[in-house]
Amino acid sequence: MKIFLDTANIDEIREAADIGVIEGVTTNPSLIAKEGRDFKATVKEICEIVHGPVSAEVIALDWEGMVAEGKELAAINEYIVVKVPFTKDGIKATSMLAAEGIDVNVTLVFSPNQALLAAKAGAAFISPFAGRLDDIGHDGIEIVSQCQDVVLNYDYEAEIIAASIRHTEHVRRCAEVGIDVATIPFKVLMQMMKHPLTDIGIDKFLEDWNKANQ
Ligand code: G3P
């Protein structure tokens, strides 16, 4: 399973990239706003750090605006993936951008039928939101998995990105069912590294080593 980092924070991206376990980054308007920096400069810097897909989202809601913004974003760096919300205009914009060879990540996907339409439009990535589905009483990862089944049944190009990942159990379940990509907050990546028995084990090894006067 590929792991993308779901953040626009440069320090977090640098640290995760240094460890060598992330293959891409996803941003959204909320994450960009949180950093308080220029949007285009930020995504350009992220591309130069990760050398993998970096999702940058359009703000326009009409397809003409989405296509125009998408082209501007794609021109920033070869790693930019244009993120487009799932709406009728979003799907039309996806078809048009994909026809020009621009990678699109269709976001705010909440059902397998939406995933099917995004795949048909030529999306490179489709992002169902696990946590927000959990929030309204669904099993988010189950629906992410259904989205991936729909795409795999017909050999569409799109990769599924499990988004709105809130905790390590989400990541484990994604890996268990073979989701293509999980995009995760930095905090969750750090939590994945921790196990109290690992810490206890290291302490015990060092204690024994020191007792033996090595
Ligand atoms: O990848 C989408 C993600 O940033 C949304 O997460 O926790 O706001 O639902 P959340």
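**Exercise 1.** In this predicted model, classify Met193 by its relative accessibility and place the residue in its patch and its helix.

*Solution.* Met193 has a relative accessibility of 44% and therefore counts as partly exposed, since that class lies between the buried limit of under 20% and the exposed limit of over 50%. The next step is to find its surroundings: together with Ile19 and Val21, Met193 makes a nonpolar surface patch of about 240 Å². In the secondary structure, Met193 belongs to helix H10, which covers residues 186-193.

**Exercise 2.** Describe the salt bridge between Arg14 and Glu45, and state which parts of the chain the pair links.

*Solution.* Begin with the distance: the closest N and O atoms of Arg14 and Glu45 are 3.3 Å apart, which is within the 4 Å cut-off for a salt bridge. The pair links distant parts of the chain, with Arg14 in helix H1 (residues 10-19) and Glu45 in helix H3 (residues 39-50), 31 residues apart. Turning to accessibility, Arg14 is partly exposed at 40%, and Glu45 is partly exposed at 22%.

**Exercise 3.** Work out where Glu169 and Arg172 lie in relation to each other along the chain, and which residues are joined into one network by salt bridges that share partners.

*Solution.* Glu169 and Arg172 form a salt bridge with the closest N and O atoms 2.6 Å apart. Both residues lie in helix H9 (residues 168-177), three residues apart, about one turn of the helix. Glu169, with 36% relative accessibility, counts as partly exposed, and Arg172 is partly exposed with 40%. As for the network, salt bridges that share partners join Arg14, Arg37 and Glu45.

Definitions and conventions: Residues numbered from 1 in each chain as written. Predicted model: local features only at pLDDT ≥ 70, side-chain atom pairs only at ≥ 80, totals over all residues. Heavy atoms only, no water. Patch = residues over 30% accessible without salt bridge, like charges linked within 9 Å, V, L, I, M, F, W, Y side chains within 5 Å. Areas by Shrake-Rupley, 256 points an atom, 1.4 Å probe, with all protein chains shown as cover. Salt bridge = Lys/Arg side-chain N within 4 Å of Asp/Glu carboxyl O. Helix = DSSP H or I, 4+ residues; strand = E, 2+ residues; numbered from the N terminus. Buried < 20%, exposed > 50% of the residue type's maximum accessible area, 1.4 Å probe, protein only.
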